[in-house]
Amino acid sequence: MWTAIRGAVRALSTAAGAREWTPHSRRVGLLTRKKGMTSMFLPDGERVPVTVLLVDANQISMHIERPAPSPDEAPYIAMQVAATDARAHTVTAPVRGHLARAGLGPKRAIKEFRVTRDALLPVGTHLSAAHFVPGQDVDVRAVTRGKGFAGVMKRHNFAGGNASHGASLAHRTPGSVGNNQDPGRVWPGKKMPGRMGGTHRTVQNLRVLRVDVEQELLFVQGHVPGPNGGVVEVRDALKSLVKQAYFLYRKGVTPAGELLDPAKGPAQYLPHGVVGLPFPAGTRELAATLPPIVEVEA
């Protein structure tokens, strides 16, 4: 069974077309909706928690390019992704007009992702869950659950005061927050009571364990910020995939210390089990050529 799955992983990562991903390339991300959590068994029998993310009607809605602010910097190139079809009366008129100019209907979520020029796609392109392959790492970003006003013990994990020995009404207080006469003030950024949650948070290096092309689902190992139904941005992991591959490419050696062979392609500097990434993106046309479900290999 796992031999067949490994073959499907290779098909998913190499069927992207003539263009090939390089460590200099930066692909677009996807907008997903968090559906909930479950658990999966890895090929070695380990049981791990996973979060299920739905890739809901992602389309390219706009190209963005701004000149470089200085000769030493690269120009800003990005693609705007719109996701989740909506009824017209639930979307503001400016957003409806903006999407109509791109030939798209009303959408609930819009986000731009910075890309390289070789990863640009035509406006209107449908993106699929096949954009990511099992075994690769991704970074996810979402708005955390809002918990209202909270004290320091809940918000910052303080230990609190003594439970006895004369600690009258000071069991959950932060303790001293000031300073001496110099500087005579509380430093900005001091951990204090305040509003907890409701802010953007990024979780890095979550491993993709399964791609359900038929149902447009991603199964990522670990926890994802936000409530069920919330919008989650998913993109290639900056540290463990993009930068690591770039450093190996620049050094010219594989993780085993062997010289890179141009004929072997990007599989030499990608993580174990990943032989390539759909480039410039995983589209619905690519997804139609793949098995319904592809899982991570052993």
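What pLDDT does the protein chain average, and what share of the residues score at least 70? In this predicted model, the average for the protein chain is 88, and 94% of the residues reach a score of at least 70. Residues 1–5 are a stretch to treat separately: the pLDDT there is below 50, and the model gives this stretch five contacts beyond near neighbours in sequence.

Turning to the overall build, the protein chain holds five helices and 13 strands. Its C-alpha trace extends over about 75 × 55 × 45 Å along the principal axes. Of the 298 residues, 42% count as buried. Contacts with a separation of 6 or more were also sorted by sequence distance, and 74% of them in the protein chain link residues 24 or more positions apart.

Strand E12, spanning residues 231–236, offers a convenient place to look at pairing in detail. One partner is strand E1 (residues 30–41), which runs antiparallel to E12 and is joined to it by four bridges. Here Thr32 stands opposite Val232 of E12. Another partner is strand E7 (residues 137–143), also paired with E12 in the antiparallel sense, over four bridges. In this case Val140 faces Val234 of E12 as its opposite residue.

As for the surface, the protein chain exposes about 16000 Å², of which carbon and sulfur atoms supply 53%. Charge was examined as well: the protein chain carries 38 positive and 23 negative charges, and the mean positions of these two sets lie 10 Å apart.

How values were computed
Residues are numbered from 1 along each chain as its sequence is written. This is a predicted model: local features need pLDDT of at least 70, side-chain atom pairs count only at pLDDT 80 or more; totals for chains, interfaces and linings use all residues. Side-chain values use heavy atoms; hydrogens and water are left out. Two strands pair if DSSP finds at least two bridges between them. Helices (H or I, at least four residues) and strands (E, at least two) are DSSP runs, numbered from the N terminus. pLDDT is the predictor's confidence in each residue, from 0 to 100. Contact means heavy atoms within 4.5 Å. Buried means under 20% relative accessible area, exposed over 50%, partly exposed in between (1.4 Å probe, protein chains only). Accessible areas come from the Shrake-Rupley method with a 1.4 Å probe; for residues, only the protein chains shown count as cover. Lys and Arg count as positive and Asp and Glu as negative; His and the chain ends are not counted. The place of a charge is taken as NZ of Lys, CZ of Arg, CG of Asp or CD of Glu.
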